[in-house]
Amino acid sequence: MMARFAAVLLVPLLAAPAAEAASITNTDPAAVVLVITESGQRVEVVVDAGASESLCPSGCFMTTPDGDRIGLDGGETIDIVKGSAVVK
C-alpha cells in the first residue's frame, strides 16, 4: 500500500517538463555585454549582433547594457533592442 502511494506521488514529478534556458537575441547592430548573476556567480556574456544565446536554465538576474536588472526564471524569450531588454 505504501509503495503504491509513493508511486502515485512520484509519477507526476517525473512527468513534469524540465526547465528551459532563457533565449536571448541581440537585434542591435553591435555586440552587447550582459551581466548574468546566477547562484551568486557574476559573469559577463557577450552576445554578438544578430546572435542568440541560451542562458539561465535555473533562473538568474540579468543586467542589460542600459542598466536594467531583470529576474529570469529560465523559460523567457528576450530581444535586446537599442540596449534594452524586451521580454516576451
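These notes walk through a predicted model, from the overall layout to a few individual residues.

1. **Layout.** The protein chain holds 1 helix and 8 strands. From the N terminus the order is α-β-β-β-β-β-β-β-β. The chain has 88 residues, and buried residues make up 28% of them. Take the contacts between residues at least 6 apart in sequence: 44% of these join residues at least 24 apart.

2. **Strand 5 and its partners.** Strand 5 covers residues 60-63. Strand 2 (residues 32-38) runs antiparallel to strand 5, and 3 bridges join the two. Within this pairing, V35 has T63 as its bridge partner. Strand 6 also runs antiparallel to strand 5, with 4 bridges between them. Here M62 stands opposite I70 of strand 6.

3. **Two faces of strand 5.** Which side chains of strand 5 are buried? C60 and M62 are, and they point to one face. F61 and T63 point to the other face and are not buried. The general background is simple: in a regular strand the side chains alternate between the two faces of the sheet.

4. **The turn after strand 5.** The hairpin of strand 5 and strand 6 has 5 residues between the strands. One of the residues in this hairpin, G67, takes a positive phi near 95°. T64 also sits in the loop between strand 5 and strand 6. Is T64 buried or exposed? T64 counts as buried because its relative accessible area is 4%, under the 20% cut-off. The side chains of T64 and D66 are joined by a polar contact of 2.4 Å. Leaving out residues up to four places away in sequence, T64 touches L34, I70, G83 and A85.

5. **The core.** The largest nonpolar core has 16 residues. Those with the most contacts inside it are I24, L34, I36, M62, L72, I78 and I80. At least two residues of this core come from each of strand 1 (22-26), strand 2, strand 3 (41-47), strand 5, strand 6 and strand 7. Strand 2 gives the most, with 3 residues. As general background, nonpolar side chains in soluble globular proteins tend to be buried together.

6. **M62 in that core.** M62 deserves its own look. Setting aside neighbours within four places in sequence, M62 is in contact with I24, L34, V35, I36, D68, R69, I70, L72, I78 and A85. Among these partners, I24, L34, I36, L72 and I78 are listed with M62 for the most contacts inside the core.

7. **A21.** A21 lies in the loop between helix 1 (2-15) and strand 1. A21 counts as partly exposed because its relative accessible area is 28%. The C-alpha atoms of A21 and G59 are separated by 8.0 Å, though the two are 38 residues apart along the chain. Beyond neighbours within four places in sequence, A21 is in contact with S54, L55, C56, P57, G74, G75 and E76.

8. **E76, a buried charge.** E76 is in the loop between strand 6 (69-72) and strand 7 (77-81). What is the nearest side chain of opposite charge to E76? K88, which is 13 Å away. E76 is buried and has no salt bridge. A polar atom of the E76 side chain does lie 2.8 Å from the backbone nitrogen of D73. Outside neighbours within four places in sequence, E76 is in contact with A21, A22, S23 and V87.

Methods: Residues are numbered from 1 along each chain as its sequence is written. This is a predicted model: local features need pLDDT of at least 70, side-chain atom pairs count only at pLDDT 80 or more; totals for chains, interfaces and linings use all residues. Side-chain values use heavy atoms; hydrogens and water are left out. Buried means under 20% relative accessible area, exposed over 50%, partly exposed in between (1.4 Å probe, protein chains only). Lys and Arg count as positive and Asp and Glu as negative; His and the chain ends are not counted. A salt bridge is a side-chain nitrogen of Lys or Arg within 4 Å of a carboxyl oxygen of Asp or Glu. A polar contact is a pair of N or O atoms within 3.5 Å; within protein, one must be able to donate a hydrogen and the other to accept it, and residues adjacent in sequence count only if both atoms are side-chain atoms. Contact means heavy atoms within 4.5 Å. Two strands pair if DSSP finds at least two bridges between them. A nonpolar core is a set of buried Ala, Val, Leu, Ile, Met, Phe, Trp, Tyr and Cys residues joined through side-chain atoms within 4.5 Å.
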